[in-house]
Amino acid sequence: MIKKNFRISNKVIWLSSFFLGILTSVPKIAEHHFNLYEAIVDSTVTFLFAVLIWYYNILTLPVYSSKDVANGFSVIRLLKGLFFGIVVMFILACIQQYLLSHLNFGPVMLMFEVRGILVNITFYMFLHLLHQSYQNQQVGIELERTKTDNLGAQYELLKQQVNPHFLFNSLNTLKYMVESEDEHAVDFILKLSNFYRFTLESRKLDLIKLAEELEILEAYVYLLKTRFEDGIELTIAIDQQYNQSLIPPFTLQLLIENCIKHNVVSLDRPLHIRLYSVKDYLVIENQLQLKKMPEHSTGMGLDTINQRYIHLLNKKIEIQVSETLFTIKLPVIHGHHHH
């Protein structure tokens, strides 16, 4: 997402500084013995100081981050700004003393420094309020964008979960099993029922336990093997320590579906898929035996999964392709990371 930098209009900076310079000359104009030259020098010094303080405070504003939003008011930045202002005002006061040598430097210097401190604090507080409001707006925009992207990802994921082709093939398989009085027809119906029950229960969740995801996968693979028989083989070797970790629901099912969509699955050329864990990653890989006439694909499947991991963990999935293997590595989501 492209963020616009926080900006204050140059017109606002220069006009406000000019107005402040004019304002400081009002007491001299009200004096009985009005000296135009002194009033102009005094106004110019204040004007230049105001402009420098404006740009200093703007340039030292922190880059937008959620951490800075949480920290809020920075005393250190204020003290640095005050020190900078005192030095600048001292230099300008010396220039004024050179131009108006008849004035008593001590009282004039004290008056200028007090004025500078007041101007500095006023500008800093005003900028702080504007910047804080800007940061809050950025947080709101990011939350809305994340919400919109996440809803879009969930919608796309849901469409793939209830894949009409998968349901059609499953019902055709069931019809064949019932007609042939296959003794496994009841088990098939139970697995199909469990799979779609899991679909309905999990579709509104961002994350579920890996152990639950593996139960969904077991029902899904059972249905696939009823259709493809020994044409598909899935080997699972996941360390039990990851069973309580979290995963976006139906991620593994979508990845298995992706393997079937792009590769030949037959008794002559069985598709071997491995699912295992290594160094805080869940890895799913299959040998490449691409179809000559691949099924139509929107290309959204892997991108949807990747976007969900970015939203939930701020990490991307890793995709590796060699001459013989297609590998996807999913970062393990631990409970404390999610919270």
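**Cavities**

On a 1 Å grid over the protein atoms alone, a cavity is a set of points where a 1.4 Å probe fits but cannot get out; lining residues have an atom within 4 Å of a point. Grid points are joined across faces, edges and corners, and a volume is the space filled by probe spheres set on those points. The structure is a predicted model, in which local features need pLDDT of at least 70, side-chain atom pairs count only at pLDDT 80 or more, and totals for chains, interfaces and linings use all residues. Residues are numbered from 1 along each chain as its sequence is written, and side-chain values use heavy atoms, with hydrogens and water left out.

The whole structure contains 4 cavities of 30 Å³ or more, and the largest encloses about 50 Å³. Its lining consists of Phe166, Asn169, Ser170, Thr173, Leu223, Leu224 and Arg227. Helix 6 (164-179) supplies the largest share, 4 residues, and helix 8 (210-228) contributes at least two. Helices (H or I, at least four residues) and strands (E, at least two) are DSSP runs, numbered from the N terminus.

**Residues with positive phi**

Glutamate 229, in the loop between helix 8 and strand 2 (232-237), has a phi near 55°. This residue is partly exposed (between 20% and 50% relative accessible area), at 46%.

Lysine 279, in the loop between strand 4 (271-278) and strand 5 (281-287), has a phi near 50°. Lysine 279 is exposed (over 50%, 1.4 Å probe, protein chains only), at 74%.

**A strand hairpin**

Strand 6 (residues 318-321) and strand 7 (residues 325-331) run antiparallel and are joined by 4 bridges; pairing requires at least two bridges found by DSSP. The two strands form a hairpin with 3 residues between them. Glutamine 320 has threonine 327 of strand 7 as its bridge partner.

Definitions and conventions. 1 Å grid on protein atoms, 1.4 Å probe; cavity = no way out; pocket = protein on both sides within 12 Å on 5 of 7 lines; lining within 4 Å.
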